[in-house]
Amino acid sequence: MWGDGGHWDMEDIRRWRTWRDGGYKEVEDTGRRWRISRDGGSRGQPGKGRGGPGAVEATPGVTAASPQVQKVMPNDSFYFSIVRDPATLAESAFAYYRAVAPAFRRAPSLASFVASPGRFYQPGLRGNHYARNLLWFDFGLPPVAPGDRRAVAEAVAEVERAFAMVLLAEHFDESLVLLREALCWPEEAVASFPHNGRPRGAVPRLSPGQLARLRAWNALDWALYGHLNRSFWRRAAAFGSARMAAEVARLRRRREALARRCFRGGGPLPGPAIADGRLRPFQPARGGAAILGYALKAGLEAGEREACARMATPELHSVPQFPRLSYGFCPPPI
Ligand SMILES: Nc1ncnc2c1ncn2[C@@H]1O[C@H](COP(=O)(O)OS(=O)(=O)O)[C@@H](OP(=O)(O)O)[C@H]1O
């Protein structure tokens, strides 16, 4: 994603900064931990992305939903987030957060964790939020029993109310097309590259049975994801399938051309092969697969180099630049 990414754990950060009225304001974390992630939570006044100069926020976790955030964000802020199938999210988290989640660490392998996660999981242990219902956690939703259908439905409705749009990681390009449309962004605004990926071959293939087990283990996330997935496809249908296909194809062509122009090797490289520390993605502990990033081609002229570097920069280094990039472009309504 364009510099987003939750592989960066920000548990120790108690404040985050947001841009408004030409200056930075610090927003106090309400006390619980949060992380920049592929999903997140925020209340505020969603759905008014059109027509105003309001900020655009791809939110981090729950604390973005706090009244403190609402105080400093413009009323017409456009809040969006992104979710992923909880089964593949769980596999990714197992690979990435093994060192910090006791439930993952205690399991001798992914297969044994998937076979009986309850054997290794103890609720409340520091780091175990990575091991169960991570989307739910990141959205800051209250802990409810998965069988409590009413409570689950209320929590899901709250997310739907808070976010003008929730994207799907599995359909990242379609998501970018819809986001661009909602915000009247120019095409170049969504020219971006996947970050924090793993080399092909390093991602284990889960069997249908394993996928089902992980979805059952993450039942709250599965309920949330199912709902948001349906909303996403309703929006995509309204956009039009032929139009979507054409825009996605154009986005991919643009990305390929940019990759050839900007990056050494024309694509992602394992982090350790990237000499520039500002472009090297964080590498998780405990011998996981190398996380991929991008190295710039030699000989780029200054302007191009800066543009390429922006797209190559992992979230760890690019988050501080977010505020100045956060603007919508829709003309005001007449
Ligand atoms: N553009 C795009 N399209 C599809 N998939 C993408 C994209 N960008 C990132 N990714 C995948 O997201 C995973 C990394 O996510 P994050 O950077 O958010 O990190 S985290 O897992 O939340 O910590 C990581 O998934 P895994 O490889 O399964 O771990 C990335 O491959």
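**Close-up 1. Helices H6 and H9 pack at an angle of about 45° in this predicted model.** The axes of H6 and H9 lie 10 Å apart, and the two helices are therefore oblique to each other. H6 passes H9 in a right-handed crossing. From H6, the contact uses Val152, Val156, Val159 and Glu160, while H9 brings Leu220, Ala223, Leu224, His227, Leu228 and Ser231. Sorted by class, the residues of this contact are 7 nonpolar, 2 polar and 1 charged.

**Close-up 2. Arg150 and Glu154 meet in a salt bridge within H6.** Staying with H6, which covers residues 149-162, look for the side chains of Arg150 and Glu154, with an N to O distance of 3.5 Å. Why do these two residues sit about one helical turn from each other? Arg150 and Glu154 are separated by about one helical turn because they are 4 residues apart in the helix. Arg150 has a relative accessible area of 64%, so this residue counts as exposed. Glu154, at 46%, is partly exposed.

**Close-up 3. H7 meets H9 at an angle of about 65°.** Here H9, made of residues 219-239, packs with its axis 11 Å from that of H7. That angle makes H7 roughly perpendicular to H9. The crossing of H7 and H9 is left-handed. On the H7 side, the contact is made by Glu174, Ser175, Val177, Leu178 and Glu181; on the H9 side, by Phe232, Arg235, Ala236 and Phe239. This contact has 5 nonpolar, 1 polar and 3 charged residues.

**Close-up 4. H7 also packs with H10, at an angle of about 105°.** The axes of H7 and H10 are 9 Å apart, and these helices are therefore roughly perpendicular to each other. Which residues of H7 meet H10? They are Asp173, Glu174, Leu176, Val177, Leu178, Arg180 and Glu181. Their partners in H10 are Arg243, Met244, Glu247, Val248, Arg250, Leu251, Arg252 and Arg255. By class, the contact of H7 with H10 has 6 nonpolar and 9 charged residues, with no polar ones.

**Close-up 5. Arg255 and Asp173 pair in a salt bridge between H10 and H7.** Zooming in, the side chains of Arg255 and Asp173 meet at 2.8 Å, N to O. The pair links distant parts of the chain: Arg255 belongs to H10 (residues 241-262) and Asp173 to H7 (residues 172-183), 82 residues apart. Are Arg255 and Asp173 buried or exposed? Both residues are buried.

**Close-up 6. Arg180 and Glu247 form another salt bridge between H7 and H10.** The closest N and O atoms of Arg180 and Glu247 are 3.2 Å apart. Arg180 lies in H7 and Glu247 in H10, so the pair ties together parts that are 67 residues apart in sequence. Arg180 is buried, with a relative accessible area of 16%. Glu247 is buried as well, at 13%. Widen the view, and Arg180 and Glu247 turn out to belong to a network of salt bridges that also includes Glu187, Arg250 and Arg254. As background, side chains of opposite charge can pair when their charged atoms come close. How many salt bridges does a search of the whole structure find? The search finds 14, so there are others to look for beyond these views.

**Close-up 7. Cys184 has a positive phi in the loop between H7 and H8.** The phi of Cys184 is near 55°, a positive value in a residue other than glycine. H8, on the other side of this loop from H7, spans 208-217. Is Cys184 buried or partly exposed? With 27% relative accessibility, Cys184 counts as partly exposed.

**Close-up 8. Asn133 also has a positive phi, in the loop between H4 and H5.** Its phi is near 50°, and Asn133, too, is a residue other than glycine. The helices on either side of the loop are H4 (110-115) and H5 (134-138). Asn133 counts as buried because its relative accessibility is 11%, below the cut-off of under 20% for a buried residue.

Note on methods
Residues are numbered from 1 along each chain as its sequence is written. This is a predicted model: local features need pLDDT of at least 70, side-chain atom pairs count only at pLDDT 80 or more; totals for chains, interfaces and linings use all residues. Side-chain values use heavy atoms; hydrogens and water are left out. A salt bridge is a side-chain nitrogen of Lys or Arg within 4 Å of a carboxyl oxygen of Asp or Glu. Buried means under 20% relative accessible area, exposed over 50%, partly exposed in between (1.4 Å probe, protein chains only). Axes are lines fitted to C-alpha atoms, for helices over the stretch in contact, and angles run from 0 to 180 degrees between N-to-C directions. Angles under 35 degrees count as roughly parallel, over 145 as roughly antiparallel, 65 to 115 as roughly perpendicular and the rest as oblique. A crossing is left-handed if the near helix is turned anticlockwise from the far one by less than a right angle, and right-handed if clockwise. Contact means heavy atoms within 4.5 Å. Ala, Val, Leu, Ile, Met, Phe, Trp, Tyr, Cys and Pro count as nonpolar, Asp, Glu, Lys and Arg as charged, and the others, Gly among them, as polar.
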